[in-house]
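Visitor: Please take a close look at the charged side chains of this model and go on from there to what surrounds them. Explain each term when it comes up.

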Amino acid sequence: MNTIFLLLGSNLGDRKLLLQQAIKHIEAGVGPIIKKSSVYETQSWGKTDLPDYLNQVIIAETELSEQKTLQTILNIELLMGRVREEKWGARIIDIDILFYNSEVIDEPGLHIPHPELHKRRFTLEPLAEIAPTFIHPVLNKTILQLKNELKDSLLIKKLYF
């Protein structure tokens, strides 16, 4: 069994419902969820003039390979109505693979750990809530250390559990 860490995000429509629907699809297509962070409302990152996001990190178990996990997640995004028009554009749902076990993968279209996660408060806050001692396999630091060293000043608000 493989342990995967996923970041969910939505800044269009009924954001809370969309996160809940994404989790149901992940449970059905990828595997059982073993831990969920609180949901955080965050300012848009990259393109700051967009609506605020709801973000959540989940930990799931899967028997799928890394590539099959990616394809399943991309299919879930499509099923939910995700349209990729521009980098950092508004989106109904976004599902990123943060970690796949402690593996380091650098293949076309698949980079694990997520190459930007250590720079983003909207990722590290929920990740530190549920996996503070997990060690980033490239940076060799815990998630809590990475969060404490963060320079990102994006406003983040924990909404609910």
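Guide: Lys141 is partly exposed, at a relative accessibility of 29%; buried means under 20% relative accessible area, exposed over 50%, and partly exposed anything in between, with a 1.4 Å probe and protein chains only. The model is predicted, so local features need a pLDDT of at least 70 and side-chain atom pairs count only at pLDDT 80 or more, while totals for chains, interfaces and linings use all residues. Residues are numbered from 1 along each chain as its sequence is written, and side-chain values use heavy atoms, leaving out hydrogens and water.

Lys141 is joined to Glu149 by a salt bridge, 2.8 Å from N to O. The term stands for a side-chain nitrogen of Lys or Arg within 4 Å of a carboxyl oxygen of Asp or Glu. Glu149 is partly exposed as well, at 39% relative accessibility. Elsewhere, Arg15, Glu41 and Lys157 are linked into one network by salt bridges that share partners. Side chains of opposite charge can pair when their charged atoms come close.

By the same rule, the structure has 6 salt bridges. One of them, within that network, connects Lys157 and Glu41, with 3.7 Å between the closest N and O atoms. Lys157 sits in strand S8 (residues 156-160) and Glu41 in strand S3 (residues 39-42), so this pair ties together parts that are 116 residues apart in sequence. Strands (E, at least two residues) and helices (H or I, at least four) are DSSP runs, numbered from the N terminus. The partners have unlike surroundings: Lys157 is partly exposed, with a relative accessible area of 47%, whereas Glu41 counts as buried at 18%.

Another salt bridge spans a short stretch of chain. Arg121 and Glu125 pair with their closest N and O atoms 3.2 Å apart. Because they are 4 residues apart in helix H3, about one helical turn separates Arg121 from Glu125. Both residues of this pair are buried. That goes with the helix as a whole: in H3 (residues 121-130), 9 of the 10 residues are buried, so the helix is largely enclosed by the rest of the structure. Among the buried residues of H3 are Phe122, Leu124, Leu127 and Ile130.

The loop between H3 and helix H4 (143-148) contains Val138. Val138 is partly exposed, with a relative accessibility of 46%. On the surface, Val138 belongs to a nonpolar patch with Val104 and Leu139, and the three have about 240 Å² of accessible area together. Patches take residues with over 30% relative accessible area and no salt bridge, joining like charges within 9 Å and nonpolar side chains (Val, Leu, Ile, Met, Phe, Trp, Tyr) within 5 Å; the areas come from the Shrake-Rupley method with a 1.4 Å probe, and for residues only the protein chains shown count as cover.

The aromatic rings come next. There are 3 aromatic pairs in the structure. In one, Phe5 and Phe99 meet edge-to-face, 5.4 Å centre to centre and with 85° between the planes. Phe5 is in strand S1 and Phe99 in strand S5, so the pair ties together parts 94 residues apart in sequence. Rings of Phe, Tyr and Trp (its six-membered ring) pair if their centres lie within 6.5 Å; planes under 30 degrees apart are stacked, over 60 edge-to-face, and the rest tilted. Phe5 is buried at 4% relative accessible area, and Phe99 is buried at 1%. Phe99 also forms a tilted pair with Phe134, at 4.7 Å centre to centre and 55° between the planes. Since Phe99 lies in S5 and Phe134 in the loop between H3 and H4, this pair ties together parts 35 residues apart in sequence. Phe134, like Phe99, is buried. Phe5, Phe99 and Phe134 make up one aromatic cluster.

Strand S1 (residues 2-10) also holds Asn2, which is buried at a relative accessible area of 18%. The side chains of Asn2 and Asn101 share a polar contact of 2.8 Å; such a contact is a pair of N or O atoms within 3.5 Å, where within protein one must be able to donate a hydrogen and the other to accept it, and residues adjacent in sequence count only if both atoms are side-chain atoms.
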